[in-house]
Amino acid sequence: MSSSTSRRSYGVKGAPYGFLLPTTVLFALFFALPIGYAVWLSFRKVRVSGLGLGSGARKEVWAGFGNYTEALQDSELLHGALRVLGYGCIVVPVMLGLALLFALMLDSEKVRLAPFTRLAIFLPYAVPGVVAALLWGFLYLPDVSPFSFALDKLGLPQPDLLDGGPLYLALANIAVWGGTGFNMIVIYTSLRSIPAEVYEAAKLDGATPLQIALRIKIPMVAPSLVLTFFFSIIATLQVFNEPTTLKPLTNSVDTAWSPLMKVYQDAFGRNDIYAAAAEATLIALVTLLLSFGFLRAANRRNKRDVSQGGVR
């Protein structure tokens with residue numbers, strides 16, 4: 001009796017690990033192992049002997065930090081990072097600002113057709129990034145764009161959104177169109193979790209809807225804003241689909257427009273997987289440092305606000 005009881009107790013204690021095992025195996029095989037292999041490749045290189053002919057002419061050897069040094073000195077990678085920085089300065093504030101505005105509007109008492117509106121705003125997020133980029137790319141082309149046709153009929157100038165500075169706005173528009181709905185749902189869900197008693201107390205104190213939005217709703221959904229900002233930063237640093245899809249439509253987008261495009265070009269265009277692995281590792285490290293620094297600053301501010309609230 002005691003042995004069966006102990007086996008049953010052991011089975012109960014081991015059940016959580018059994019449930020976690022499939023996820024752990026998949027995580028190790030398709031996430032941790034590829035990352036580890038990429039880091040290992042970043043410290044390797046190919047040494048060519050003689051003319052590079054023969055079975056032993058090309059040999060993989062240890063490179064140390066040589067690939068990282070070359071990556072940090074690569075002007076194409078640096079310029080790509082600066083382009084992504086400018087792109088992010090447009091995308092992140094506009095997308096999160098629209099997401100917050102739509103969430104506040106949907107949370108209003110006087111809103112009509114709220115379910116349909118939520119679906120309409122969220123629907124672009126369900127469109128694959130490549131499809132969205134192709135859709136907007138043809139809308140940008142002056143020869144086939146209905147907007148250019150309408151402007152021409154009205155006698156107005158037709159801006160070329162795929163050349164020069166407007167290219168940043170064109171790429172940012174695709175990201176904002178596709179990502180606003182997801183962030184809106186996150187913020188809206190947080191708004192719906194606020195107790196109704198808070199709003200009722202504010203109304204009894206004479207607060208207007210605008211004052212309730214600015215002084216109650218926005219501060220109380222600050223954690224959701226931090227989360228959406230965190231996700232947006234990561235997505236901005238990893239921009240790849242939009243410029244790659246628009247590249248055949250314009251000469252303003254080269255093969256190294258963004259850091260990830262540079263990684264792709266080195267890996268599959270130049271067949272230098274070792275340099276590409278080093279560049280990918282650097283991008284991952286920068287993303288990790290920025291994310292960690294932002295989350296730490298946000299947590300420090302939250303703790304300070306809580307402590308000040310407790311003192312009051």
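The following paragraphs describe the nonpolar cores, one bent helix, a buried aspartate and several aromatic pairs of a predicted model. Residues are numbered from 1 along each chain as its sequence is written, and side-chain values use heavy atoms, with hydrogens and water left out. In this predicted model, local features need pLDDT of at least 70 and side-chain atom pairs count only at pLDDT 80 or more, whereas totals for chains, interfaces and linings use all residues.

The largest nonpolar core (buried Ala, Val, Leu, Ile, Met, Phe, Trp, Tyr and Cys residues joined through side-chain atoms within 4.5 Å) has 22 residues, of which Tyr87, Val91, Ile174 and Trp257 touch the most other members. Buried here denotes under 20% relative accessible area, exposed over 50%, and partly exposed in between, with a 1.4 Å probe and protein chains only. At least two residues of this core come from each of helices H3 (75-106), H5 (129-140) and H7 (166-192), and H7 gives the most, with seven; helices are DSSP runs (H or I, at least four residues) numbered from the N terminus. A second, separate core of 17 residues includes Leu106, Met184, Tyr188 and Tyr199.

Helix H4 (residues 114-126) bends by about 25° at Ala120, with Pro124 following within four residues; the bend is the angle between axes fitted to the seven residues ending at a position and the seven starting there. Ala114, Ile121 and Pro124 are the buried residues of H4, and these residues pack against H3 and H7, contact being defined as heavy atoms within 4.5 Å.

Asp266, found in helix H12 (residues 259-269), counts as buried because its relative accessibility is 1%. The Asp266 side chain makes a polar contact of 2.7 Å with the side chain of Arg270, where such a contact is a pair of N or O atoms within 3.5 Å, one able to donate a hydrogen and the other to accept it within protein, and residues adjacent in sequence count only if both atoms are side-chain atoms.

The structure holds 16 aromatic pairs, defined by rings of Phe, Tyr and Trp (its six-membered ring) with centres within 6.5 Å, and classed as stacked when the planes are under 30 degrees apart, edge-to-face when over 60 and tilted otherwise. The rings of Phe122 and Tyr125 are tilted because their planes lie at 45°, with centres 5.5 Å apart. Phe122 is partly exposed, at a relative accessible area of 28%, and Tyr125 is also partly exposed, at 41%.
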